[in-house]
Amino acid sequence: ADAIKARHFPMPLPVLCSSSEERELLHDQSMVRSTLALGAAADVTFVGVGQLAEDAPLCVDGFLEVQEMRDLIAKGGAGEICGWSFDRDGRILDTPINDRVASVPLPPRETSTVIGIAQGKQKSPAILAALRGGLLNGVITDEASAEYLLRN
């Protein structure tokens, strides 16, 4: 947004809160409420798609403990979008970790275009899962990941 001088609305929250109660408290702030409303009304949303692994950004950046990541993977977790973990079929996981996600819920693809941005061998299964589950309408990726998606 900065590079092309586009309007943007940063979410002044952590990726994950310490509890669902804390998330609700933060979401009740007026500035956050207005940002959530803007996200819900967006016509187009660009999101990163991340893998679930012990070396994934959610762990490396300190949002999840290694054991929490292991628990997500054990429950079938394949990837994440804006902190929302999903399984290999692109279904959002019903876990206490997702109850702590502070970001805007993924908009319905029936009324919004959601473009995933990700590349690399480690993220290819997560991209595939997100596409398989209809979490994305489109994807921006590299050639090797595109070939992986087409083969699978």
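A residue is called buried here when its relative accessible area is under 20%, and exposed when that value is over 50%. With that in mind, let us walk through this predicted model, starting at helix 5. This helix covers residues 124-132, and its buried residues are Ser-124, Ala-126, Ile-127, Leu-128, Ala-129 and Ala-130. A helical repeat helps in reading such a list: an α-helix has 3.6 residues a turn, so residues three or four places apart point the same way. What do the buried residues of helix 5 pack against? Their partners are strand 1 (44-51), strand 2, strand 3, strand 5 and helix 6 (143-151). After helix 5 comes Gly-134, with a positive phi near 75°.

Several of those partners are strands, so to speak, of one story, and the sheet is the next stop. The sheet is open and has 5 strands in the order 3-2-1-4-5, with mixed pairing. Strand 3 and strand 5 (138-140) are the edge strands, each pairing on one side only. From one strand to the next, the twist averages 35°.

Take the strand 3 edge to begin with. Strand 2 (residues 77-81) and strand 3 run antiparallel and are joined by 4 bridges; Gly-77 stands opposite Asp-87 of strand 3. In a regular strand the side chains alternate between the two faces of the sheet. Strand 3 (residues 84-87) can be read in that light: Trp-84 and Phe-86 point one way, Ser-85 and Asp-87 point the other way, and all are buried.

At the other edge, strand 4 (residues 113-117) is joined to strand 5 by 3 bridges, and these two strands run parallel. Here Gly-116 stands opposite Val-139 in strand 5.

Now back to the turn of the hairpin. Strand 2 and strand 3 form this hairpin with 2 residues between them. Most residues other than glycine have a negative phi. Cys-82, in the loop between strand 2 and strand 3, has a positive phi of about 55° although it is not a glycine. Is Cys-82 buried, exposed or partly exposed? Its relative accessibility is 33%, so Cys-82 counts as partly exposed.

Lys-5 also has a positive phi, near 60°, in a residue other than glycine. Lys-5 is found in the segment before helix 1 (20-27). Because its relative accessibility is 72%, Lys-5 counts as exposed.

Key:
Residues are numbered from 1 along each chain as its sequence is written. This is a predicted model: local features need pLDDT of at least 70, side-chain atom pairs count only at pLDDT 80 or more; totals for chains, interfaces and linings use all residues. Side-chain values use heavy atoms; hydrogens and water are left out. Buried means under 20% relative accessible area, exposed over 50%, partly exposed in between (1.4 Å probe, protein chains only). Two strands pair if DSSP finds at least two bridges between them. Axes are lines fitted to C-alpha atoms, for helices over the stretch in contact, and angles run from 0 to 180 degrees between N-to-C directions. Contact means heavy atoms within 4.5 Å.
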